[in-house]
Amino acid sequence: MSEKIILTGDRPTGRLHIGHYVGSLRRRVELQNEGDYKKMFVFIADAQALTDNIDNPEKVRQNVIEVALDYLAAGLDPEKVTIFIQSQVPELCELSFYFMDMVTVARLQRNPTVKNEMIQRGYKDSNDGSEDNDDNKRGLPVGFFTYPISQAADITAFKATTVPVGADQKPMLEQASEIVHTFNRIYGETLVDPEIMLPSNSVCMRLPGTDGKAKMSKSLGNCIYLSDSAEEVNAKVKSMFTDPGHLQVSDPGKVEGNTVFTYLDAFCKPEHFDKFASCFVGRKASFEFHSLDEVKDQYRKGGLGDMMIKNFLAAVLNDILEPMRVRRKQYEKNIPAIYEMLKKGCEDARAAAGETLAEVRKAMKINYFDDASLIEEQARRYGQE
Ligand code: ATP
Ligand code: MG
């Protein structure tokens with residue numbers, strides 16, 4: 001059996017969206033079904049979500065079950081994958097605490113994802129001296145600033161080898177890898193160096209929001225959720241920006257930077273052209289397409305209206321989301337069973353993290369009561385045989 005241990009998580013700050021799906025969730029389901037792994041862990045990062053939502057515990061509490069439902073809807077199978085809640089594995093806090101000594105403040109300040117997210121969330125940069133006089137900004141919580149460290153603990157506590165995530169997580173994985181090297185150098189080979197697994201399709205690494213902003217993100221409100229109804233998807237797609245220069249249907253259109261095409265790049269499959277051929281039949285003009293390249297060529301030439309493309313995109317998205325909606329409805333019928341599944345997952349995860357922590361404590365020489373030779377040695381020092 002493969003020695004691969006796969007681990008990923010999501011913050012329970014909202015329902016999961018199509019960015020999560022192409023960035024990580026789709027890959028997780030594929031990996032699960034290929035079965036080429038020793039263990040697979042997926043966790044709901046509630047403690048991490050609290051780092052920037054400390055005054056809104058209800059939001060986090062409510063979204064734990066939403067994320068769990070989205071996992072099951074997307075096809076994760078608790079028989080094959082351990083699904084757990086981060087806060088219920090206190091070993092992760094313990095490991096973070098030890099890791100804190102292995103990372104400098106300067107190194108954390110260089111983390112580009114943290115930098116971006118600080119700006120997004122309106123946190124003051126404690127370095128720019130604005131802490132006391134800029135009333136428009138909030139103070140930066142230490143826990144948010146140091147979340148890359150706790151993320152390194154989440155990954156290494158399970159000896160994860162493989163972490164399938166979106167591109168925003170690259171700096172986190174680099175940080176985790178550095179911590180592993182530092183730890184192993186000081187305390188001996190104990191932890192496993194994790195490898196990032198990015199989506200193979202580059203548009204999926206960081207799917208933009210429906211507003212065209214750089215990243216679809218729960219915290220930015222620019223999402224198409226996996227649990228959105230077909231009507232909601234249609235309305236959201238209809239309101240999307242395309243190419244601002246494409247005013248008349250006959251005008252040549254731009255595909256690059258056009259979010260509708262970005263989404264088609266991420267979701268459209270060859271069979272969709274046959275299945276949704278009717279989207280390209282209009283009163284004034286009709287087209288027959290067999291590939292996305294053909295659609296793009298026509299759009300660039302002009303004559304293909306935004307409405308047609310949007311109808312096609314909505315049909316493609318709904319085709320992918322519909323089986324998830326059906327599965328979600330099924331799981332929503334028995335919520336206590338989902339908490340039961342999560343509880344079992346937390347117990348299994350705790351057992352696995354506990355094994356690593358025992359090794360960590362031993363390596364760090366803080367396993368005082370499990371080490372008979374230590375007690376003997378100290379007794380001898382004080383003349384007791
Ligand atoms: P928040 O705004 O609360 O940070 P989020 O939408 O960024 O939420 P996370 O829970 O932080 O979602 O991310 C979970 C996983 O989904 C990570 O692996 C991340 O890389 C991936 N991911 C999130 N947003 C996108 C996106 N727009 N495109 C591709 N992958 C994404
Ligand atoms: Mg995020």
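Student: Which residues does Thr8 touch, not counting residues up to four places away in sequence?

Tutor: In this predicted model, Thr8 touches Ser24, Arg28, Phe41, Val42, Phe43, Val163, Pro164 and Val165, with residues up to four places away in sequence not counted. Each of these counts as a contact because heavy atoms of the two residues lie within 4.5 Å. Thr8 itself is found in strand 1, which covers residues 5-10.

Student: Why is Thr8 called buried?

Tutor: The relative accessible area of Thr8 is 2%. Buried means under 20%, and 2% is under that limit, so Thr8 is buried.

Student: What makes Phe84 count as buried?

Tutor: Phe84, found in strand 3 (residues 82-85), has a relative accessible area of 0%. That value is under 20%, and therefore Phe84 is buried. Leaving out residues up to four places away in sequence, Phe84 touches Phe41, Val42, Phe43, Ile44, Val89, Leu92, Phe158, Gly345, Cys346 and Ala349. Its C-alpha atom is separated by 10 Å from that of Val64, and the two residues are 20 apart along the chain.

Student: How do you know whether Arg328 is buried or exposed?

Tutor: The relative accessible area of Arg328 is 4%. As this is under 20%, Arg328 is buried. Arg328 is found in helix 14, residues 306-332. Its contacts, leaving aside neighbours within four places in sequence, are Arg15, Glu66, Leu69, Asp70, Ala73 and Ser227.

Student: Why is Asn311 called partly exposed?

Tutor: Asn311 has 38% relative accessibility. The value is neither under 20% nor over 50%, so Asn311 counts as partly exposed. Asn311 also has its place in helix 14. In sequence, Asn311 and Cys279 are 32 residues apart, while in space they are 6.2 Å apart, C-alpha to C-alpha.

Student: What does Glu30 count as, at 38% relative accessibility?

Tutor: Glu30 counts as partly exposed, because 38% lies between the limits of 20% and 50%. Glu30 is found in helix 1, residues 18-34. Between the C-alpha atoms of Glu30 and Phe43 the separation is 17 Å, and these residues are 13 apart along the chain.

Student: What makes Lys365 count as exposed?

Tutor: Lys365 has 67% relative accessibility. Exposed means over 50%, and 67% is over that limit, so Lys365 counts as exposed. Lys365 lies in the loop between helix 15 (335-363) and helix 16 (372-381). Its phi is positive, about 60°, although Lys365 is not a glycine.

Student: What is phi of Lys159?

Tutor: Phi of Lys159 is near 55°, a positive value in a residue other than glycine. Lys159 has its place in the loop between helix 8 (147-156) and strand 4 (162-164).

Student: Which residues come nearest to ligand 1?

Tutor: There are 22 residues around ligand 1, and of these Thr13, Asp168, Lys215, Ser217 and Ser219 come nearest.

Student: How do you know that His17 makes a polar contact with ligand 1?

Tutor: A polar side-chain atom of His17 lies 3.0 Å from an oxygen atom of ligand 1. A polar contact is a pair of N or O atoms within 3.5 Å, so this pair qualifies. For His20, a side-chain N or O atom is 2.8 Å from an oxygen atom of ligand 1, and therefore this pair is also a polar contact. Met216 takes part through its backbone: one of its backbone N or O atoms lies 3.0 Å from a nitrogen atom of ligand 1.

Student: How much of ligand 1 does the protein bury?

Tutor: Taken alone, ligand 1 exposes 610 Å², and the protein buries 97% of that.

Student: How many of the residues of the chain count as buried?

Tutor: The chain has 385 residues, of which 51% count as buried. The chain exposes about 19,200 Å², and carbon and sulfur atoms supply 51% of that area.

Student: How many helices and strands does the chain have?

Tutor: The chain has 16 helices and 5 strands. Its C-alpha atoms fill a box of roughly 100 × 55 × 35 Å, taken along the principal axes. Among contacts between residues at least 6 apart in sequence, 77% join residues at least 24 apart.

Student: How many positive and negative side chains does the chain have?

Tutor: The chain has 49 positive and 58 negative side chains, and the centres of the two sets lie 2 Å apart.

Conventions: Residues numbered from 1 in each chain as written. Chains lettered and ligands numbered in written order. Predicted model: local features only at pLDDT ≥ 70, side-chain atom pairs only at ≥ 80, totals over all residues. Heavy atoms only, no water. Helix = DSSP H or I, 4+ residues; strand = E, 2+ residues; numbered from the N terminus. Buried < 20%, exposed > 50% of the residue type's maximum accessible area, 1.4 Å probe, protein only. Areas by Shrake-Rupley, 256 points an atom, 1.4 Å probe, with all protein chains shown as cover. Lys, Arg positive; Asp, Glu negative; His and termini not counted. Charge placed at Lys NZ, Arg CZ, Asp CG, Glu CD. Near = heavy atom within 4 Å. Polar contact = N/O pair within 3.5 Å; in protein donor to acceptor, adjacent residues only side chain to side chain.
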